[in-house]
Amino acid sequence: MPLSVDEIINLKVLRQRLTTLSEHFKNKNQLYSNANSLFFALGSSDEQLTYKKVSCLHYWLFGIELTDTFIVVTKAGKITIITSEKKANLMSALNGPDINILIRKKKAHNLTELYEQMRGILKENEPVGIVPEEKEPETKIMRAWHQFYK
């Protein structure tokens, strides 16, 4: 029997935690070096690096790692997530005025368009707070983002 969405990702908990992250970011600006947005990118999963900061954020938010996924949280309370169609479908009920889930098409046909949107969001909300890389990106999606955003 296939798992339900709530057995994979608990949407109620996810919404609460995204709201908590957003509120904390808005109200504790000194902890975020006065950034206007936070950017989190997770490429591949690596069992040897079990304490990567972005992986820990994914486990706290989603209960699992969503590889090849980007998350942007703005001080205005907007959250944008770029992920694969399958992963986006698990969270589609969250789409709304404050949470925008963008779908990366299979074989990454729309990467440039998505990266343009992401760069626009980041440009509008500079300075951007990031988690320093803990290792080089390994996936095609992450390498493409790094090349695009240079």
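Reader: How far apart should the ends of helix 5 be at 1.5 Å a residue, and what is the distance between its end C-alpha atoms?

Author: This is a predicted model. Helix 5 covers residues 111–124, which is 14 residues. At 1.5 Å a residue the helix should span 20 Å. Its end C-alpha atoms agree with that, being 20 Å apart.

Reader: Which residues of helix 5 are buried, and on what side of the helix are they?

Author: The buried residues of helix 5 are L111, L114, Y115, M118 and L122. Around the axis they cover an arc of only 95 degrees, which puts them on the same side of helix 5. The buried residues asked for are therefore L111, L114, Y115, M118 and L122, on the same side.

Reader: Which residues of helix 5 are exposed on the other side?

Author: K123 has a relative accessibility of 54% and therefore counts as exposed, the cut-off being over 50%. On that other side of helix 5, the exposed residues are T112, E113, K123 and E124.

Reader: What is the salt-bridge partner of K123?

Author: The side chain of K123 meets a carboxyl side chain at 3.8 Å, N to O. A salt bridge needs that distance to be within 4 Å. The partner is partly exposed, with a relative accessible area of 40%. The partner of K123 is E126.

Reader: How many salt bridges are there, and which one lies in helix 2?

Author: The count comes to four salt bridges. In one of them, the side chains of K26 and E23 meet at 3.2 Å, N to O. These two residues are three apart in helix 2, so about one helical turn separates them. The count is four, and the pair in helix 2 is K26 and E23.

Reader: Are K26 and E23 buried, partly exposed or exposed?

Author: The partly exposed range runs between under 20% for buried and over 50% for exposed. K26 has a relative accessible area of 32%, and E23 has a relative accessibility of 35%. Both values put K26 and E23 in the class partly exposed.

Reader: Which salt bridge links distant parts of the chain?

Author: One residue of the pair is in the loop between helix 4 (85–91) and strand 4 (99–104), and the other is in the loop between strand 2 and strand 3 (79–84). The two are 20 residues apart. Their side chains meet at 3.7 Å, N to O. The pair is D98 and K78.

Reader: Which residues of helix 2 are buried, and how are they arranged around the axis?

Author: Helix 2 consists of residues 11–27. Its buried residues are L11, L14, L18, L21, S22 and F25. Seen down the axis, they fall within an arc of 95 degrees, so they line one face of the helix.

Reader: Which exposed residues are on the face of helix 2 turned away from the buried side?

Author: N27 lies in helix 2 and, at 55% relative accessibility, counts as exposed. The face turned away from the buried side of helix 2 carries the exposed residues K12 and N27.

Reader: Which residue caps the N-terminal end of helix 2?

Author: The cap involves the backbone nitrogen of K12. A side-chain oxygen of the capping residue lies 3.1 Å from that nitrogen. The capping residue is N10.

Reader: Is strand 1 largely enclosed or open, and which strands pair with it?

Author: Five of the six residues of strand 1 (residues 37–42) are buried, so the strand is largely enclosed by the rest of the structure. Six bridges join strand 1 to strand 2 in an antiparallel arrangement, and L38 has V73 as its bridge partner in strand 2. Over three bridges strand 1 pairs in the parallel sense with strand 5 (residues 128–130), where the bridge partner of F39 is I130. Strand 1 is largely enclosed, and the strands paired with it are strand 2 and strand 5.

Reader: What does the side chain of E65 contact, given that E65 has no salt bridge?

Author: E65 lies in the loop between helix 3 (53–62) and strand 2 (69–74). E65 is buried, and the nearest side chain of opposite charge, K52, is 5.3 Å away. A salt bridge would have to be within 4 Å, so K52 does not qualify. At 2.5 Å, the side chain of E65 makes a polar contact with the side chain of S55.

Terms used. Residues are numbered from 1 along each chain as its sequence is written. This is a predicted model: local features need pLDDT of at least 70, side-chain atom pairs count only at pLDDT 80 or more; totals for chains, interfaces and linings use all residues. Side-chain values use heavy atoms; hydrogens and water are left out. Helices (H or I, at least four residues) and strands (E, at least two) are DSSP runs, numbered from the N terminus. Buried means under 20% relative accessible area, exposed over 50%, partly exposed in between (1.4 Å probe, protein chains only). Lys and Arg count as positive and Asp and Glu as negative; His and the chain ends are not counted. A polar contact is a pair of N or O atoms within 3.5 Å; within protein, one must be able to donate a hydrogen and the other to accept it, and residues adjacent in sequence count only if both atoms are side-chain atoms. The arc is that of the directions from the helix axis to the C-beta atoms. Two strands pair if DSSP finds at least two bridges between them. The expected span of a helix is 1.5 Å times one less than its number of residues.
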